[in-house]
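Hi,

Here is the model I promised to pass on. Have a look at it first, and my notes follow below.

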Amino acid sequence: MPKALPWIDVPCDCDRYTPLRIDPARGSDDTLACRECGEVKTLTPGKLDEAGGLWGCQVCGHPELYTSKDMPKALGIGIVVIAAILAPWTNYISLFVAAALDFALWYLLPETVSCYLCETEHRGFASKPKHPRFDLQVSDRLKYGKKAVMGKPMREGGTANAPEPEH
Ligand SMILES: [Zn+2]
């Protein structure tokens, strides 16, 4: 069975554009249509290597991206709330079970790589180059420019293989 192609999930003003599958050997399409309002977006895809490694956003081309887990917040919180309610009846064992469950889910869930500029979510791309987790200093610089309180200059080549933020 051929490996599923990586894809991007792009927010639109009304809803979301149709998720776009990208074949690394062929590169990204030039346009993307919204499945709700039909608006067509022009793409300026960033660098993508043949192994499916992501070097820039596939919508706006920006080289700064961050990795996060695809964990629905409500699910993680729900598990903890149920465990807390059950705690008095289970001798608090439910809390340990919840912690183990949250950890297992976290471990199993796929990673999403998001663009700092346009918030496009990239899924299923190669794990190299690795983009570190969200860094407020990068986000601040892009939002406020020179006025950013905590901004730090962009590294050459963006966030590809950058070290994890220290804070
Ligand atoms: Zn982008």
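Let me start with Glu164, which is partly exposed at a relative accessible area of 37% (buried means under 20%, exposed over 50%, and partly exposed in between, using a 1.4 Å probe and protein chains only). Before going further: this is a predicted model, in which local features need pLDDT of at least 70 and side-chain atom pairs count only at pLDDT 80 or more, while totals for chains, interfaces and linings use all residues. Residues are numbered from 1 along each chain as its sequence is written, and side-chain values use heavy atoms, with hydrogens and water left out.

Back to Glu164: it forms a salt bridge with Arg133, with 3.4 Å between the closest N and O atoms (a salt bridge being a side-chain nitrogen of Lys or Arg within 4 Å of a carboxyl oxygen of Asp or Glu). Glu164 sits in the segment after helix H3 (136-144) and Arg133 in the loop between E7 and H3, so the bridge ties together parts that are 31 residues apart in sequence. Helices (H or I, at least four residues) and strands (E, at least two) are DSSP runs, numbered from the N terminus. Arg133 is partly exposed too, at 38% relative accessibility.

How many salt bridges does the structure hold? There are 5. Another one pairs Asp9 with Arg123, the closest N and O atoms being 3.6 Å apart. That pair links distant parts of the chain, with Asp9 in strand E1 (residues 7-9) and Arg123 in strand E7, 114 residues apart. Both partners are buried; for Arg123 the relative accessibility is 12%. Arg123 also bridges to Glu121, at 2.8 Å from N to O, and Asp9, Glu121 and Arg123 are thus linked in a network of salt bridges.

Then the metal. Which residues coordinate the zinc ion? Cys57, Cys60, Cys115 and Cys118 do so through their SG atoms, at 2.3 Å (donors are N, O and S atoms within 2.8 Å of the metal, or 3.2 Å for Na, K and Ca; water is not among the atoms, so sites may look incomplete). The angles among the 4 donor atoms run from 104 to 118 degrees, which makes the site tetrahedral (four donors with all angles between 85 and 135 degrees). For reference, the ideal angle for four tetrahedral donors is 109.5 degrees. Along the chain, the donors follow the spacing C-x2-C-x54-C-x2-C. Cys60 and Cys118 link distant parts of the chain: Cys60 is in the loop between strand E4 (40-42) and strand E5 (65-69), Cys118 in the loop between strand E6 (111-115) and strand E7 (121-123), 58 residues apart. Cys60 counts as partly exposed at 29% relative accessibility, and so does Cys118 at 24%.

His62 is in the loop between E4 and E5 as well. Buried or exposed? His62 is buried, with a relative accessible area of 12%. Its contacts (heavy atoms within 4.5 Å), leaving aside neighbours within four places in sequence, include the zinc ligands Cys57 and Cys115, and also Leu142 and Met154.

Two residues in the segment after H3 are worth a look. Thr159 lies there and is buried at 7% relative accessibility; not counting residues up to four places away in sequence, it touches Pro63, Glu64, Leu65, Tyr116, Lys130, His131 and Pro132. Ala148 is in that segment and buried at 16%, and with neighbours up to four places away again left out, Ala148 touches Asp140 and Arg141.

On the surface, Ile77, Val81, Ile85 and Trp89 make a nonpolar patch of about 480 Å² (patch residues have over 30% relative accessible area and no salt bridge; like charges are joined within 9 Å, nonpolar side chains, meaning Val, Leu, Ile, Met, Phe, Trp and Tyr, within 5 Å). Areas come from the Shrake-Rupley method with a 1.4 Å probe; for residues, only the protein chains shown count as cover. Ile77 is in helix H1 (residues 73-86) and exposed at 53%.

Finally, the whole chain. It has 3 helices and 7 strands, in the order β-β-β-β-β-α-α-β-β-α from the N terminus. Buried residues make up 37% of its 167 residues. The chain exposes about 10,700 Å², with carbon and sulfur atoms supplying 61% of that.

Cheers

Notes: Tetrahedral: all angles 85-135°; square planar, octahedral: opposite > 155°, others 65-115°.
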